[in-house]
Amino acid sequence: MNPDGAQAEEQALRFLLSQGLKLKQRNYTCRLGEIDLILLDGQTVVFAEVRMRRSSSFGGAAESITSRKRASLLAAARHYLAGRREMPACRFDAVLIEGDGPPLWIKDAFGE
């Protein structure tokens, strides 16, 4: 991961923790993809994608989450949850960081 990506993930994590979420795992990786942050929001498992763009000149942070990336996140989340006896409530959130602005937290960003 590049230094900017690591810094964005750290900023997003601090923000989400300040909102009351609890960290379960960082950078979950499997053959199907990677999930930046896995957290708990009460009893709900939150799979968080962190995106940072220095500027919106070539599309902003939200535009960088393509349908291919969403499919990869969904597959990695299914892998993470595989083998559990009970399926917890889950959602996919996005934390978008544009330039030096504050994080924008989009809950249930993909409607999955």
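**Close-up views of a predicted model**

**View 1. The hairpin of strand 1 and strand 2.** In this predicted model, strand 1 and strand 2 form a hairpin with two residues between them. The pairing of these two strands is antiparallel and runs over seven bridges, and within it Cys30 stands opposite Gly33 of strand 2. The hairpin belongs to a chain with two helices and five strands, whose order along the sequence is α-β-β-β-α-β-β.

**View 2. The largest nonpolar core and a second, separate one.** The largest nonpolar core has 14 residues, and those with the most contacts inside it are Tyr28, Ile35, Ile38, Phe47, Tyr80 and Phe92. Two or more residues are given to this core by each of strand 1 (22-30), strand 2 (33-41), strand 3 (44-53) and helix 2 (67-81), with helix 2 giving the most, six residues. A second core, separate from this one, has 13 residues, including Leu13, Leu16, Ala48 and Val50. In soluble globular proteins, nonpolar side chains tend to be buried together. Over the chain of 112 residues, buried residues make up 39%, and carbon and sulfur atoms account for 48% of an accessible surface of about 6700 Å².

**View 3. Helix 2 and the residue that follows.** Helix 2 has 15 residues, which at 1.5 Å a residue should span 21 Å, and the distance of 21 Å between its end C-alpha atoms agrees with this expectation. The buried residues of the helix are Lys69, Ser72, Leu73, Leu74, Ala76, Ala77, Tyr80 and Leu81. Leu74 counts as buried because its relative accessibility is 18%, where the limit for the term is under 20%. Leu74 and Phe110 are 36 residues apart in sequence, yet their C-alpha atoms are 9.6 Å apart in space. After helix 2 comes Gly83, which has a positive phi, near 85 degrees.

**View 4. Charged side chains around Glu49.** The side chain of Glu49 meets that of Arg51 in a salt bridge at 2.9 Å, N to O, and it also meets that of Lys69 in a salt bridge at 4.0 Å, N to O. Glu49 lies in strand 3 and Lys69 in helix 2, so the second pair ties together parts that are 20 residues apart in sequence. Each of the three charged residues counts as buried: Glu49 at 2% relative accessibility, Arg51 at 16% and Lys69 at 19%. When residues up to four places away in sequence are left out, Lys69 touches Glu34, Glu49 and Arg51.

**View 5. The salt bridge between Arg91 and Asp41.** The side chains of Arg91 and Asp41 meet in a salt bridge with an N to O distance of 2.8 Å. The pair links distant parts of the chain, since Arg91 is in strand 4 (residues 90-98) and Asp41 in strand 2, 50 residues apart. The two partners fall into separate accessibility classes, for Arg91 counts as buried at 13% relative accessibility, whereas Asp41 counts as partly exposed at 24%. The structure holds six salt bridges. Among contacts in the chain between residues at least 6 apart in sequence, 51% join residues at least 24 apart.

Terms used
Residues are numbered from 1 along each chain as its sequence is written. This is a predicted model: local features need pLDDT of at least 70, side-chain atom pairs count only at pLDDT 80 or more; totals for chains, interfaces and linings use all residues. Side-chain values use heavy atoms; hydrogens and water are left out. Helices (H or I, at least four residues) and strands (E, at least two) are DSSP runs, numbered from the N terminus. Buried means under 20% relative accessible area, exposed over 50%, partly exposed in between (1.4 Å probe, protein chains only). Contact means heavy atoms within 4.5 Å. Accessible areas come from the Shrake-Rupley method with a 1.4 Å probe; for residues, only the protein chains shown count as cover. A nonpolar core is a set of buried Ala, Val, Leu, Ile, Met, Phe, Trp, Tyr and Cys residues joined through side-chain atoms within 4.5 Å. The expected span of a helix is 1.5 Å times one less than its number of residues. Two strands pair if DSSP finds at least two bridges between them.
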